[in-house]
Each structure stands twice: as structure tokens, then as C-alpha cells.
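Here are my notebook entries from a friendly look at salt bridges and one helix. Have the model open while you read.

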Amino acid sequence: MSADLQPLLDALQFSPDNLPLRQHLARQLNAAGRHQEAETLCREGLRQHPTDDALRLSLADAYFASNKHSAAFVVVEELLDQHPDNAAAHLLHARLLLAAGQAAEAREAYAHALEINPGLADRDLGQALEAAAPAKRVPTPAGGGYRPAPAPDEDEPSAQAKLLGLERPKINFSDVGGMEAVKDEIRLKIIHPLQFPDLYKAYGKASGGGLLLYGPPGCGKTHLARATAGEVQASFISVGIAEILDMWLGNSEKNLHQLFELARSQAPCVLFFDEVDALAANRHDLRQSAGRTVINQFLEELDGATRSNEGVLIMAATNAPWHLDPAFRRPGRFDRITLVTPPDEPARAAILEILLRGKPLAPGVSTAAVAARTAGLSGADLMALVDGAVDVCLRASMRSGRPLPIEQSHLLDAAKLVKPSTKEWFATARNYALYSNEGGLYDDILVYLGVKKPGGA
Amino acid sequence: MLPDALAPETRRIELLLNLQHYAEAEQLIRIALAQQPTHAVMLGWLGVCLLNQHRPAEAIPILQRAIGHAPLNPQLHGWLAESYSAAKDFFAAEAASREALRLAPEQADFHGLAGMVLLRKHRPKQALRAARTGLCLDPAHKQCLTVQARALADLGQTNVSAPLFAPVLVDDPLDAFAHANQGFNYLDAGNFRAAQLHLHTALQQQPDNAQIRAGLVEALKNSFWYYRLLWQGGRWVTRLVRRTGFFALEADTRKIIAYVLQIPLLFFVWGWAFAHGFFSNIGYLSIGFRLLLLTPLGVIIILTLAGALLQSITLTLLRCNPQARPYLSSKEILASNCFLAGLGVLAVSASARFAGLLF
């Protein structure tokens, strides 16, 4: 069989834009059990024709056959979202659901595939479904047959993808108030290399690797990462502390690999690890040696040892960059590191605008004036400030017996009561920046604190 | 053993504790405790979380509750001892560490803990005994090694204590703990250059450790010859005071005595002020003042004041050194500022007097 396919492979190499040939070859490679090659072929084709159904289906087939179920789910469900009448996709969906142990849903998907194209009947699959769960009929409005799975909103990722943390952010940098310096840095460090790879290559700059955002809690690191995904119109996968713990407790290495596979299948995609120090802890500090294998797997995935990370922007956030294993800061990994400081004045004004939206405000309330008096406060602190002002206003309303609007004085008084929660973080960070600042890694902290001049020695 | 209902959460909590994510662990523990409020291990872990978030006062009642439900768990008594120690209640810490030792005499951890508490109570002989017992059980136990070294230094046997951590550093050349201890040992032995090197390495590994930073500043100060004299004098006085049993007293008693001892200092300052006509021109007080200077108390007071002055001068000199400046704390900078302000006042008054003589 492989010899039969060689002329086709040669032909495709000669004319890589031949879509029907690529589709046919992908199917043939899958049929020949050469799933890895089929996958590569489909992914190359999808870069040129991202909406081609046949290639997407072959890619999902290849994923399914290679036991990359999460990735296969994502591709199939996206295909079904756009074309709910694709019978072959429903059939593959049924197989995937059965493999995931969701027998009832698998039955529904299979029935729907047959409803569209009875010629797709698969006796083995039918028997497996019968054995897995008893048939359960769901009445449709018309009264007969199986009810097809409702087509979700096109902009919303599927439930399975959501489970894996996949989303399509609707925000971009214009939704992040202020913080221009950080946004510029993100543009320079990861967005431009993705958008202009040739230019970067010409100057000998590597375009891979990840970006580590660090800074005090409550300063919008996750929001920035999401906006970055929106800025490049990429998918966004957010991995929080809960998922990271699951990784440590369960099939850690496999889960991590699937996550990266999902990101690769969704390229361009921003893969974001929140509180990454929990996953990339310093191996020297770890009491359990079992955890080291997870760290090694993470390093391998970052390096793209098994599969290329092309089109995947890897971002991470942490409050404690000093707890990260130094191996993560080597070139090609999290070699670019950016301090996300508490919001600056325009950012605070923007945050206050959002927090006060929908609340009764007296005329003349100026968020800019409040922002000017709240230097050092984080987003979370500003929320406490608004809560405090609302409480005062509510009490006054109760006393007067009529609803009173929030006055400027309420906000300014509340501002006096809120202490910056970032102070403690900066006290610790200052020590690390002063005494453990190898290669000027934490110079940004010293500049922010005024200990060092920007660009100074 | 933990009940099944809590088992998956228990693994998460253990993991978070292992990763030192104490705030997140605290949240999960509180949720688990809402289901089983009398769970001793969960209560103990909550105490650990609070202790590691620098909230020992909150940890103590939680750990006491945990012990109420599992009085025979030595680990809970150990954590309670650590919490008392962090809250500087060393008498209660000693009682809790003794209870932990009674329940598990075979664990080197508790001997190390007991030794550490005894050290902080300025009882180096007993601390040394506890450390050596712990080292019989585990010859490489870090806390016991530390206590042993510190106790030997406190007993004046610095030559014995100085090389104690060398073997640990051979195994792991970046071990912050060993570097810090080795640094303090060299500091006690008077080898300030070696102390600086070790404490500097330790601080690079643990930049947030105030004790190591203070040790490094002390080593830096000792690069001035006059400060070395002051340092030796200070250590001699500390040993003298230790012999009186002052440090073995309860913290509150020590405070009262310290306040009472300050009264002569007050008289001294007032006497000096009167003698120099700051308040009036009652010159006969100067005779009394001069007599006071001749008494041992007067000598001690003068030496104390001279010491404080030299401390301020040294801090100011270190501040002028760009290599040493980053290691000074805000309090030390403040002390230097006060000294500079005093110097400024003196300079202005001297200039005024000089100008008065001229015109």
C-alpha cells in the first residue's frame, strides 16, 4: 500500500496547492494506517484552506486513530457547529463519544448520522453502542426518531472544548485600559514574531518560545493574556490552578500532552498557564520526586520535542517567578519575561468606569480624578473601593428614605480606606530583585520601585 | 487515616502544601472542614497554612483545637510549638515541643525543634543536648546540625562550630540553609570575610530571609576595625548577661527589667543637660554629673552611648558604599538619617558659635 501511495505523495510535493489530491491522499493514508503522515498532510493543507471540511474530517480521523481524542473532539465539534448535516462527522463524533464513555450521546450522534445518510451504517459500532447502553428514545417536536444534538452558537466553543478550557476571546488590546508599555512589550515579543516571521528571521530573531507575565495578584495578567489572543484572533486555552492540580494528581503527562495537542490543532492559539509556578516548580524544592516527571514533560512540550509548536503562543502568569525552575527560562521556553504592574492612571480610570457601570452616579463624578488619587491600587483593590463607596451610599439612602446617587466624595472617602494589597508583594519582589537578580531578570521591579533608573546600571 | 469522602480533596491539599501554595490550600481546607469540622489533620494543616502565611496568632487556637481532637498526634504538638515560637512565646513553645518529644522520642525533627526553642530561650547547653540526641537518630538532620552549631557558638566554642556545615555543602553547593549557618558560624568565629561570602550566597538563594540579610550586614560592618572591637565587646556583654540568667526570664519580665535599667540613662541625660545649662544655669549639678561618670554604671552608660554612636557611623559609612547599600533595611537607613541630622545640627550650632566669636 505504501508503495502505491508514493506516486501520489510525489505528485502532491510537485503541486502542493492541489486540494482534491491532498484530500484523497489524506483519506488513503488514514486507510493505510499512516495516521501521523495523514495528520501532517491535513495540517499543512488547513493552513492554506482552513475551512475545508474534507481535510478537517481526515485530520479528526487521524487524531482519533492516534488516540488523541481531545484534539479529535475539538475538530469534529467545530465541524458539526458549522455543518450540522455532515453525516461522516456525526459518525466520527459517535465513535469519539463512545470512546469517552458517553454511550447515550454516542447513540444519538450515530442515529443522527444514519438519519442523514443511511449508507453509513456500521454494524460493529452499532453493536458496541447496544452493548454500552440501552436505547433511550428522546421525542422530537415532530414526534419520531432521535433528536439531533442542538447546534450551539457558532461563536461559542463546544462543551467538550470548553471542558478543556478552549474559548474564542471577544476582547483585544483596545479593551485593556492603559498599560501601554506592557501591551507594546507583548506586541514586540510575541505578536509581531507571529505576524511577521520572515522579518524576524531576516534579523536572526527566533520567533518561538513563550512569554511569562509576572506581577502582584489582581493586576490583570489573565485579562491581558485573553486580550492577546483576541488581538491575533486566535483561540485561547486557559489552564488554571485547578487543572494544574488535576494534572499532578491524574494522568499528568498524558493530560499535559493532550492540552498541547489541542492547542496545536487549534493554531493559531494562545495557550495560557495561570499560576504556572505550581506546574513549573523548582525541582530542587520539590519534596516529591514524582512531580519531576510532569516538569520534564512540560519542558518537552515547550520545546516542541514531539510536535512543532508553530502557531501556538505559550503564555504563563505567576506571582512568584522566583519559584520557577530555572530550566523554564532557557531560550525557546519562557525566555521572555514581562512585569505586569498595578494598573496605571488611565487603566485605573478605565477599570473604575467598568466597575461603576450601571450604578446610579451623581453628575460630575470623575473617574479620572479618583484614579489620580489611587496610585498603587490593583484591580481587586479598586473593586473594594467601589464596594465601600456603594455601602456608604446605601446607608445614606436608608437614612434619607430615598435612593441617593454615588457622589465623588463617596469614592474619594472610600479610596482613603483602601490600602494597596500589592505592597506585600513588592516588599518580597524587591528583595529578590536586589539579592537574586541574575542577569538583570528582575530589573523591571527595581525600575518600577524607583531603585534603578530605566536602562541604568 | 482520612475518611474516603475527603480523600481526593486531601490529595489536592497535600499537593498545594507541597508546592507552598498556602493561600489556595487554606481555601480548600476550610471547605473540607465545613463538612468535617472536627477533623484533626485538616485542622492541623490549616494551622500550618496560617503559620506559613505569617499568622501564628491565628494558627495557635486552630492547632489547640486539633490537639483537642487528637491529643496523641505528636506532629500537631510540633506545629503548635512552631507557632508559639513564631509568636515569640517561648515558654509555651517549650512545653509543646516537650509534649511532641514525649509522644515521639524517636523523631529527630522534634529534638531539633526542642533545641531551636531552647536556643531562642538562651539556654545553649540544653539546646546542644537536644541537638546531639537528634543527631544520634539522624546524623544529617539539618535543624539538629543548626542547633548544635548555634549552641556551640553561644557557648564560645566557635572553633568547633565553624566547619560543621562543610559536608552538607559538598553534597549541595547551593544549599541556602547550610550557607546561612556556615556564614553565622564564621561570624561567631570572627572570620568575617568567609561569613560575608556564605551569607551572600545564602541570601541569593533566599532573598526574603531577613535573618540572613541582618547577618550579612553584621559581617559587612565588621570590615571596620573599630566595629570589630565593639562587636567583641557586645558579645562579651551578652555572655555576661546570659550568666545572670536574664535571658531565661519570661519575655514580659525581661521587658520590665530593661525599662527599669533605662531609668539611670534618663538621669544621665538629664544630668548632662543640666550640667551644660540646657535648662538653667544651676552649675552645681555638674559636680554630681562628674561623680556619676566615675561609677561603674556611668562607665556602662557612656560605653552604651558610644556604641550607639559607632553603630550609626558604621551604618552611614556602609550606606556610602554602593556594594553594601542594598543590604541595609529601612530601619538602618532611618538610623543613619538620624545620625546625619544630628551631625547637621551640631555643625550648624558650631558654625553659629564660631560666627559669634568672629563677630
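**Salt bridges in chain B**

I looked up R55(B) and found it partly exposed, at 24% relative accessibility (buried is under 20% relative accessible area, exposed over 50%, partly exposed in between; 1.4 Å probe, protein chains only). Its partner E58(B) is also partly exposed, at 37%. Their side chains meet in a salt bridge at 3.1 Å, N to O (a side-chain nitrogen of Lys or Arg within 4 Å of a carboxyl oxygen of Asp or Glu).

A note on method: this is a predicted model, where local features need pLDDT of at least 70, side-chain atom pairs count only at pLDDT 80 or more, and totals for chains, interfaces and linings use all residues. Residues are numbered from 1 along each chain as its sequence is written, chains are lettered from A and ligands numbered from 1 in the order in which they are written, and side-chain values use heavy atoms, with hydrogens and water left out.

Next I checked E94(B), which is buried at 8%. I found a salt bridge from E94(B) to R98(B) at 2.8 Å, N to O, and R98(B) is exposed at 52%. Both lie in helix α6 of chain B (residues 90-103), 4 residues apart, about one turn (helices are DSSP runs of H or I, at least four residues, numbered from the N terminus). E94(B) also forms a salt bridge with K121(B), with the closest N and O atoms 2.5 Å apart. K121(B) sits in the loop between α7 (108-120) and α8, so this pair ties together parts 27 residues apart in sequence. K121(B) is buried too, at 5%.

Methods: Helix = DSSP H or I, 4+ residues; strand = E, 2+ residues; numbered from the N terminus.
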